[in-house]
Amino acid sequence: MSNILRIDASVRQARSLTRMMSDLFLKKWRETGSIPNVIRRDVGLNPPPAISEDWVAAAFTPLEQRSPEQCALLKTSDGFIEEVEQADIILIATPMYNYGMPAALKAWVDQVVRVGKTFTFDLARGDRPLEPIFSGKTLVLLTASGEFGFGRGELNEGADHLVPHLRTISKYLGADDIHHVGIEYQEFGDHRFDGSKADAIREVEHLARDLVEGRSDSSYRMSAPASAATKSLHATILGVARS
Ligand SMILES: Cc1cc2nc3c(=O)[nH]c(=O)nc-3n(C[C@H](O)[C@H](O)[C@H](O)COP(=O)(O)O)c2cc1C
């Protein structure tokens, strides 16, 4: 049985495109007859606390030297990391807010990416002292944005600080492959939005089926968008940069 950690980050409940996509992903998964064990972490509705100076001090204090107060301060983080550790698939459904991730999702990331728990730090490794601890997981990234055209040579090139950021973070979640489906044009509400949404729905359905059937490797690769109508679709496997 697959363990799926579902994280929703939209503050909207009604009419949320990203929640619609994460619901659909799980519905299609279950329709195959495979019943996943789903852990739900709704950071949009229940934003995690921001980390603090005391939190950082606690995280860097060796376990055996931590005070009860420091242990208590790390409890939320411990719980979140346990959820990540148990997951085979991490499903993150997130809007673009101000060209990046919602603050609540960033707060979750800050609670999860932690020395000694999700990465080790060793200066003996030279200029790359950080090394992820987890591996072998799949990240499914479902996004929505009001604007469009964040790809190379497009209108808003360079303005997407959501997907690249999560891609960088993914290695500390232990994700070896990433699948991304995004809806664009939400703010325009025109035929381009309708097309983008329809494309994304189809891709989410395919993705769920492919992952159940174990086609989660590089054989599931979409060709680059060919026309303006399909530009909104970036259902692409993003190879995780590992160097
Ligand atoms: C606070 C806020 C900030 C937003 N910032 C951006 C943005 O910088 N770029 C963009 O393309 N869309 C932006 N949007 C539009 C959302 O990404 C879009 O409405 C998306 O569909 C929201 O996800 P949801 O439907 O799951 O709630 C913003 C929306 C909100 C509410």
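This report walks through a predicted model of a protein chain with a ligand, going from the overall fold to helix 5, the ligand shell and one histidine.

**The chain as a whole**

The protein chain is built from seven helices and eight strands. It has 243 residues, and 36% of them are buried. If you take the contacts between residues at least 6 apart in sequence, 76% of those join residues at least 24 apart.

**Helix 5 and what it packs on**

Start with the buried part of helix 5: A104, L105, W108 and Q111. These four sit on the same side of helix 5, because the arc they cover around the axis is only 115°. Their packing partners are strand 1 (3-8), helix 4 and strand 3 (89-95).

The helix 4 partner deserves a closer look. Two packed helices are described by the angle between their axes and the distance between those axes. Here the axes of helix 4 (residues 75-86) and helix 5 (residues 103-112) come within 8 Å, and they cross at roughly 90°. Angles of 65 to 115 degrees count as roughly perpendicular, so helix 4 is roughly perpendicular to helix 5. The table shows who takes part in the contact.

| Helix | Residues in the contact |
|---|---|
| Helix 4 | T76, S77, F80, I81, V84 |
| Helix 5 | W108, Q111, V112 |

By class, this contact has five nonpolar residues, three polar ones and no charged ones. W108 and Q111 turn up in the contact with helix 4, and both are also among the buried residues of helix 5.

**Around the ligand**

Which residues come nearest to the ligand? Of the 16 around the ligand, they are T18, P95, S145, G146 and E147. The shell is a mix: six nonpolar, seven polar and three charged residues. Helix 1 (residues 17-31) gives the most to this shell, with three residues.

**A look at H165**

H165 belongs to helix 6 (residues 163-173). Is H165 buried or partly exposed? A buried residue would need 20 or more other C-beta atoms within 10 Å; H165 has 16, so it counts as partly exposed. Leaving aside residues up to four places away in sequence, H165 touches G100 and M101. G100 is 65 residues away from H165 along the chain, yet their C-alpha atoms are separated by 7.9 Å.

Definitions and conventions: Residues are numbered from 1 along each chain as its sequence is written. This is a predicted model: local features need pLDDT of at least 70, side-chain atom pairs count only at pLDDT 80 or more; totals for chains, interfaces and linings use all residues. Axes are lines fitted to C-alpha atoms, for helices over the stretch in contact, and angles run from 0 to 180 degrees between N-to-C directions. Helices (H or I, at least four residues) and strands (E, at least two) are DSSP runs, numbered from the N terminus. Angles under 35 degrees count as roughly parallel, over 145 as roughly antiparallel, 65 to 115 as roughly perpendicular and the rest as oblique. Two residues are in contact if their C-beta atoms, placed from the backbone, lie within 7 Å. Ala, Val, Leu, Ile, Met, Phe, Trp, Tyr, Cys and Pro count as nonpolar, Asp, Glu, Lys and Arg as charged, and the others, Gly among them, as polar. A residue is near a molecule or strand if its C-beta atom, placed from the backbone, lies within 6 Å of it. A residue is buried if 20 or more other C-beta atoms lie within 10 Å of its own, exposed if 12 or fewer, and partly exposed in between; C-beta atoms are placed from the backbone. The arc is that of the directions from the helix axis to the C-beta atoms.
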